[in-house]
Amino acid sequence: MATSQSLSHSQKLASRKAFPVLDTPNMAFRNLGDGRFEEVGKAWGFDSKAVSHGMALGDLDNDGDMDVVINPLNHPALLYQNQSASPRVRIQLEGMAGNTKGIGAEITVMAPHLPIQKQSVIAGGRYLSSDQPTRTFAVQGAEDRVSVHILWRDGVLQKADDLKANHVYRFTHPGKDAQKTLQQPTLAEAPKGQVTTLFKNVSEKLEHIHEEAPQDPSMAQPLLPRQLDGMGPGIAWFDFNQDGWEDLFIGGGRGGKMGVYRNQQGQGFVRQRAKAFERPLAQDQTTLLAWRPSSQDMQLLMGQSSIETPAPQASAFTSFSMVNGQSLSFPSPAGTSSGPMAMADWDGDGDVDLFVGGRVRPGHYPTPASSQWYQNQDGQWVAVTMPEIEDLSSGMVSAAVFTQLLGDALPELVVACEWGEVIILENRAGAFRRWKGEWHVTKESKSPIEGPRKGWWTSLASLDADGDGHMDLVAGNWGVNHQWAHSRFSPLEIYFPTQARGGILSLIEGYRSATDQESYPTRDWGHLSGSIPWLGQAFTSFTEFSLANMTQILSSSPTAMQSLAVSHFESVLLLNRGDHFLMRPLPTPVQWSPLFGMGISDFNGDGHEDLVGSQNFYGVSERDSRQDAGEGFLLLGKGDGTFEWVDSTLSGIDLPGEGRGLAVADFNKDHRPDFVAIQRLSQTRVWENQGGKPGITLELTGTGGNLQAIGTRVRWIYDDGSKGPMREIHLGEGYWSQSSTRPILGMAKEPRELEIHWPGGISEIIALTQEHLKRRLMVLAHPSRLP
């Protein structure tokens, strides 16, 4: 047999003709402005077929836009003239000796009605190629004027304002003796149409870092799609010293400590060193809820994970009295690890009750976990059964919120499940049953099916997004920035035995092929057979295993197998239409990463409900890329059931870590809602609202068993009879967290009255006085407390 060394040069060239030329068309992707791209190579005349190698940009015809040159293999060079007629400016730099083209300088252009644009001047950086050292920027209107900032490599910041569109500008370095500064351009210096950041990072006022000991690998269930430890923790705002300022409880991980911080009148937070909170935690904490059982007591409920704790020692949650220091632990049922908790007066007896969601059964993922219901009987938690809903369907409860959805005086419970659905449990006189209404899907949804919406749901919040007085829902999900969200893998499946062998379930993930509608495993034979012995016996090679579909593979299983499937990964808004819900996906940047923490308020003070969120999850399997594309976000509500995503350069929000709990409160009493967000194994971030219009704070006192007036709903009535969005007070929402029970209502205009619906069915209309407007404060009590 001839080898490559024995062939002549002409023979080698001839042998290459045995293989077809891979002359695929060139592609161009148009930025849609929301994090998505559209392939437009053919539409733009860029789809020439060639083996393209080097590519460079340059303004070859001096018309201010960048043309393209491509050097293909064994083919004449390709030259593409840019014929765009859109307004623009071109920036060219003249540096000092040694760097005459300003390589490495950062150019920032701020144009009215456009996001801030940034580009760097580079040398090389393309594949075997280098661009002309000039940069082009978009301008919306031909008459618009722009501002340009040049940050040179030596730190000199050069600025120019009022520059015209459709011009080329040359910037010359001011010289080595120019005053240096590392100041970055600020939005305050931007031309008209830009605004200052809404939020300011003031995390130095808290100085908290989440800590958690690593999981013992021997405790893990093999072949999990993601780690189960590190799912928490939550966070809770509560004025525990009753001085009128919101204090903070921050959950901790196993081996770390819980954080308890006293608010120093808005200037900062001081950690409290109580003995009860100084011991290292034996379990990861999940949800934190702080409440007042009576006027003489304050209690903190601390959810606890049992993923890394032997079942006989595991607690679902602990109740701690902030008055006398006594604590009482409540066990987890049937080896279940708890997750979300929520409180409300769901039986209508005047005091708040408790729901504890079952998150997972360690070693038995993904089977449903047992949830618990506790009635408040004279201040004591008494477990009760709900036989109508013992099975919360196929999924593990990852989030829960009590909210009034269906029109009567008692709240519904909504739960979100992993490998399951968003489930509404309708409240009928204190007894719950699964709601049988419909989900309608808007055309914006990218979900491939129209049936039940099963997903990897993560979080829940309730708000009135369209101002109709009905509470809507926001449901966080895993997002679509991963391979399994692609339609060719839909639905994604997981197979597991009906009975565990050795106390731990073996798992096989699969997907339904769009080609032949058969299911196939997502992992190869090597990964699976190492943990599932019968697979190693049934198949003898990677090739044999790769040719088998799931039915053929499972036919060798010694035990019966069952499965779950999901096909929906978008985070969504669910608009309440009475007899059905309209499902609408949240803006695209929210879909870049799993959504965990969520906070609801009118952050810019325009009279519409807004949403902030935190994202990301790192503990994925070795097969997948970690989900880290999220940086937190602000969505401004338009009052019609839609949101506008706000760029971080305008919102000021930057949460690049693993977001978990998030909660909203006005910690500095300026009548603008702030928020705090936990980042797992990283700094907890505090965001102060500095750009919103101040609203009016409500301080509500409920009945003796519900002093925080949980479940109360309020909204403005304006002079023309129109009304603002309904706001509802919760204990437990978003992701395992508690926002302040002192709501701040923004105003579209000056209100005339406050409409208030107390728990239990009593409603009032209360006139707004000039004193209320001056103090930006309304102090209200349940009618039963008035003389």
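Here are some short exercises with worked solutions on a predicted model.

**Exercise 1. Describe the surroundings of Gln372: which strand holds Gln372, and is Gln372 buried or exposed?**

Solution. Start with the strand: Gln372 belongs to β24, which covers residues 372–377. Next, take the accessibility. Gln372 has a relative accessibility of 14%, and the cut-off for buried is under 20%, so Gln372 counts as buried. Then look for partners. The side chain of Gln372 makes a polar contact of 2.9 Å with the side chain of Tyr374. Finally, set aside the neighbours within four places in sequence: the contacts of Gln372 are then Ala316, Pro331, Pro333, Leu354, Phe355 and Val356.

**Exercise 2. Classify the ring pair of Phe330 and Tyr374, and say which strands the pair ties together.**

Solution. Let's begin with the setting: there are 30 aromatic pairs in the structure. For Phe330 and Tyr374, the ring centres lie 5.7 Å apart and the planes meet at 75°. Planes over 60 degrees apart count as edge-to-face, and therefore this pair is edge-to-face. Now place the two residues. Phe330 sits in β21 (residues 327–331) and Tyr374 in β24, so the pair connects parts 44 residues apart in sequence. As a last step, check the burial: Phe330 has a relative accessible area of 10% and is buried, and Tyr374 is buried too, at 4%.

**Exercise 3. Do the same for Trp478 and Phe617: how are their rings arranged, and where do the two residues lie?**

Solution. The ring centres of Trp478 and Phe617 are 5.3 Å apart, with the planes at 55°, so this pair is tilted. Trp478 is found in the loop between β33 (472–476) and β34 (492–497), while Phe617 is in the loop between β41 (610–615) and β42 (633–637). The pair therefore links parts that are 139 residues apart in sequence. Trp478 and Phe617 are both buried. To widen the view, follow the ring pairs: they join Trp478 and Phe617 into a cluster with Trp419, Trp456, Phe569, Phe596, Tyr735 and Trp736.

**Exercise 4. Find the charged groups that lie over the rings of Tyr618 and Trp245.**

Solution. Over the ring of Tyr618 you will find the charged end of Arg626, 3.9 Å from the ring centre. For Trp245, the residue over the face is Lys669, at 4.6 Å from the ring centre.

**Exercise 5. Work out the order of the open sheet that contains β36, and explain which strands stand at its edges.**

Solution. The sheet has 4 strands in the order β36-β35-β34-β37, paired antiparallel. β36 (519–521) and β37 (561–566) each have a single partner strand, so they stand at the edges, with one side lacking a neighbour in the sheet. From one strand to the next, the twist averages 30°. Now zoom in on one pairing: β35 (residues 508–512) and β36 run antiparallel and are joined by 3 bridges. Tyr511 has Tyr520 of β36 as its bridge partner.

**Exercise 6. Characterise strand β9 and its pairing with β6.**

Solution. Take the cover first: in β9 (residues 134–138), 4 of the 5 residues are buried. Then turn to the pairing. β6 (residues 88–94) pairs with β9 in the antiparallel sense over 5 bridges. As an example, Arg90 is bridged to Thr136 in β9.

Notes: Residues are numbered from 1 along each chain as its sequence is written. This is a predicted model: local features need pLDDT of at least 70, side-chain atom pairs count only at pLDDT 80 or more; totals for chains, interfaces and linings use all residues. Side-chain values use heavy atoms; hydrogens and water are left out. Buried means under 20% relative accessible area, exposed over 50%, partly exposed in between (1.4 Å probe, protein chains only). A polar contact is a pair of N or O atoms within 3.5 Å; within protein, one must be able to donate a hydrogen and the other to accept it, and residues adjacent in sequence count only if both atoms are side-chain atoms. Contact means heavy atoms within 4.5 Å. Two strands pair if DSSP finds at least two bridges between them. Axes are lines fitted to C-alpha atoms, for helices over the stretch in contact, and angles run from 0 to 180 degrees between N-to-C directions. Rings of Phe, Tyr and Trp (its six-membered ring) pair if their centres lie within 6.5 Å; planes under 30 degrees apart count as stacked, over 60 as edge-to-face and the rest as tilted. A charge sits over a ring if NZ of Lys or CZ of Arg is within 6 Å of the ring centre and within 35 degrees of the ring normal.
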